[in-house]
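Biologist: I am new to this structure and would like a close look at a single part of it, explained step by step. Please take your time and connect that part to its surroundings.

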Amino acid sequence: MDKMSTDALPLAMSSPEKRETVCIFGTGDFGRSLGFKMIQCDYDVVFGSRNPQTSSLLASGAKVLSYAEAAQRSDIIVLTIHREHYSFLTELTELLNGKILVDVSNNLRVNEHPESNAEYLAQLMPKAHVVKAFNTISAWALQSGALDASRQVCVCGNDSKAKQRVMDVVRNLGLTPLDQGSLLAAKEIENYPLQLFPMWRMPFYLSAVLCVFLFFYCVIRDVIYPYVYEKEDNTFRLAASIPNRVFPITALTLLALVYLPGVIAAILQLCRGTKYRRFPGWLDHWMLCRKQLGLVALGFACLHVLYTLVIPIRYYGRWRSRNATITQLMTKKENPFSASSAWLSDSYLSLGILGFFLFVLLGITSLPSVSNTVTWREFRFVQSKLGFVTLILCTAHTLVYGGKRFLSPSALRWYLPSAYILALVIPCTVLVIKFILLLPCIDKTLTRIRQGWERDTAVVKPAVNGKPDM
């Protein structure tokens, strides 16, 4: 049989047998969406409402009763109500004792309350089995069908049997339950939906700082310096020329920063002689953000390609071309063909095209829909081996662009080198260290460490006169 991807599975999986009854307290957007999905999956759904006669917009086949009547119909009760309305549950204490209460609520702010909503509910209902679930999935995803990460439902609770029953319901809905442990994890789970791009903040902030720094660096060199010494107005470069220098430098720097933490981690493992010690927190977070750093770098590389394609149609570019042609006609002189310049130009373009192609390939394989279809070894080959090839090609592209001007004194302005030289600092550092780590004498030791070998800090020799000889 062909291997079937999990992405091909429908969100709602029907069963020929009718499943158990589930009670839902609350008839808001999320409660209605969850109830509709459960009915699609052959669950018998009973809604509990404070106004059962006026409740509307519910799925056909669902029953609407009072809270007390609905609680008697099922052992699993899903609370789709806000924390501030939990107080009415104390009136139903006798009915709710021993039942499974599924808390789906979220807060408006991170750490809004001293304890999580689920823990607060457990304090109100000490004899009920409180389980936290469904708070990481939206009503829209339940209605339209969840994909990839939105399939995941974090579940936690103190009672293992109650948690398992809720996880079975989650699984029957076509979702993926993730067991997060006891109810102590509820606070962290409730903070998940409130986090805005948590893994993207560092890449965004870093790229913003790089762009601002490089922009002003180029303004000083290409706009302010010519105006001070030659009274030349180059402010038009602010629109296209300077951004087309900032974007590729930022892209190359971010790409190098994707592979720098791996190099640092290898050095730490070599120094410590073991892989069983945790990396510093900042390095852990950096390594977790590598995918996002790479995608942001790819975005800047795409901007560089677009800006480069429009250079020939810019007014300044057309003016220079026409002016050079007219000058040659008037002086009756032509520039001799230079084979070396042609080699540099073609090499520069070829390296850039190949580097950008591999860059796009890295970005495509990092997408969940693609990475889920390849093995770990294939994914590692693309992201690691081809990733370093991409870094080499892009670094060589920048080196060839500089050509004979590299570190030329005439290129300095106020003792500031060309901006592209700054782009080479981190990539060249990463590549040099990586080359050193690949030396057989070092690579062999690093491989042994990663396979579990540990270097002893002290070698103890056989005992002499009853005492170990250090």
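Which residues line the largest cavity, and what can be said about the parts of the chain around them?

Modeller: This is a predicted model, and everything below should be read with that in mind. A search of the whole structure finds 1 cavity of 30 Å³ or more, and the largest cavity holds about 40 Å³ of space. Its lining is made up of Asn107, Asn111, Glu112, His113, Glu115, Ser116, Lys187, Glu190 and Asn191. Sorted by class, that lining has 5 polar and 4 charged residues and no nonpolar ones.

One of the lining residues, Asn111, deserves a closer look. Asparagine 111 sits in the loop between strand 5 and helix 4, and its phi is near 55 degrees, a positive value in a residue that is not glycine. As background, most residues other than glycine have a negative phi. Asparagine 111 is partly exposed, because its relative accessible area is 46%, and partly exposed covers the range between 20% and 50%. A positive phi also appears elsewhere in the chain, at lysine 231, where the value is about 50 degrees although lysine 231 is not a glycine. Lysine 231 lies in the loop between helix 8 (201-230) and helix 9 (243-272), and it counts as exposed because its relative accessibility is 62%, which is over the 50% limit.

From the loop that holds asparagine 111, we can turn to the elements on either side of it. Strand 5 (residues 100-103) pairs with strand 6 (residues 129-132) in the parallel sense, over 4 bridges. Between these two strands the chain passes through helix 4 (residues 117-124), and the resulting β-α-β crossover is right-handed. Within the pairing, aspartate 103 stands opposite lysine 132 of strand 6. Lysine 132 also stands opposite cysteine 156 in strand 7, and strand 6 is joined to strand 7 (residues 152-157) by 2 bridges, with these two strands running antiparallel.

Helix 4 itself has buried residues, namely Asn117, Ala118, Glu119 and Leu121. The buried residues of helix 4 pack against strand 4 (76-79), strand 5, strand 6 and helix 7 (186-191). Helix 7 brings us back to the cavity, since the residue range given for this helix, 186-191, takes in the lining residues Lys187, Glu190 and Asn191.

For comparison, another part of the chain also contains a crossover. Strand 1 and strand 2 pair in the parallel sense over 5 bridges, and cysteine 23 has valine 46 of strand 2 as its bridge partner. Here the chain crosses from strand 1 through helix 1 (residues 29-40) to strand 2, and this β-α-β crossover is right-handed. Strand 2 (residues 44-48) is mostly covered, with 4 of its 5 residues buried. Strand 2 is also joined by 3 bridges to strand 3 (residues 63-65), and these strands run parallel; in that pairing phenylalanine 47 stands opposite valine 64.

Phenylalanine 25 belongs to strand 1 (residues 21-25), and it counts as buried because its relative accessibility is 0%, under the 20% limit. Leaving aside neighbours within four places in sequence, phenylalanine 25 is in contact with a set of residues that includes Gly48, Tyr67, Ile77, Val78, Leu79 and Phe88. Phenylalanine 25 and tyrosine 67 are 42 residues apart along the chain, yet their C-alpha atoms are separated by 7.0 Å.

A buried residue can be found in helix 9 as well, where threonine 250 is located. Threonine 250 counts as buried because its relative accessibility is 0%, and, not counting residues up to four places away in sequence, it touches Ser207, Leu210, Cys211, Leu214 and Phe300.

Finally, these parts belong to a protein chain with 18 helices and 10 strands. Of its 470 residues, 38% count as buried. Among contacts between residues at least 6 apart in sequence, 71% join residues at least 24 apart, and the contact partners listed for phenylalanine 25 include Tyr67, which lies 42 residues away along the chain.

Note on methods:
Residues are numbered from 1 along each chain as its sequence is written. This is a predicted model: local features need pLDDT of at least 70, side-chain atom pairs count only at pLDDT 80 or more; totals for chains, interfaces and linings use all residues. Side-chain values use heavy atoms; hydrogens and water are left out. Two strands pair if DSSP finds at least two bridges between them. A crossover is right-handed if, with the strands pointing away from the viewer, the path from the first strand over the helix to the second runs clockwise. On a 1 Å grid over the protein atoms alone, a cavity is a set of points where a 1.4 Å probe fits but cannot get out, and a pocket is an open set with protein on both sides within 12 Å along at least five of seven lines; lining residues have an atom within 4 Å of a point. Grid points are joined across faces, edges and corners, and a volume is the space filled by probe spheres set on the points. Ala, Val, Leu, Ile, Met, Phe, Trp, Tyr, Cys and Pro count as nonpolar, Asp, Glu, Lys and Arg as charged, and the others, Gly among them, as polar. Buried means under 20% relative accessible area, exposed over 50%, partly exposed in between (1.4 Å probe, protein chains only). Contact means heavy atoms within 4.5 Å.
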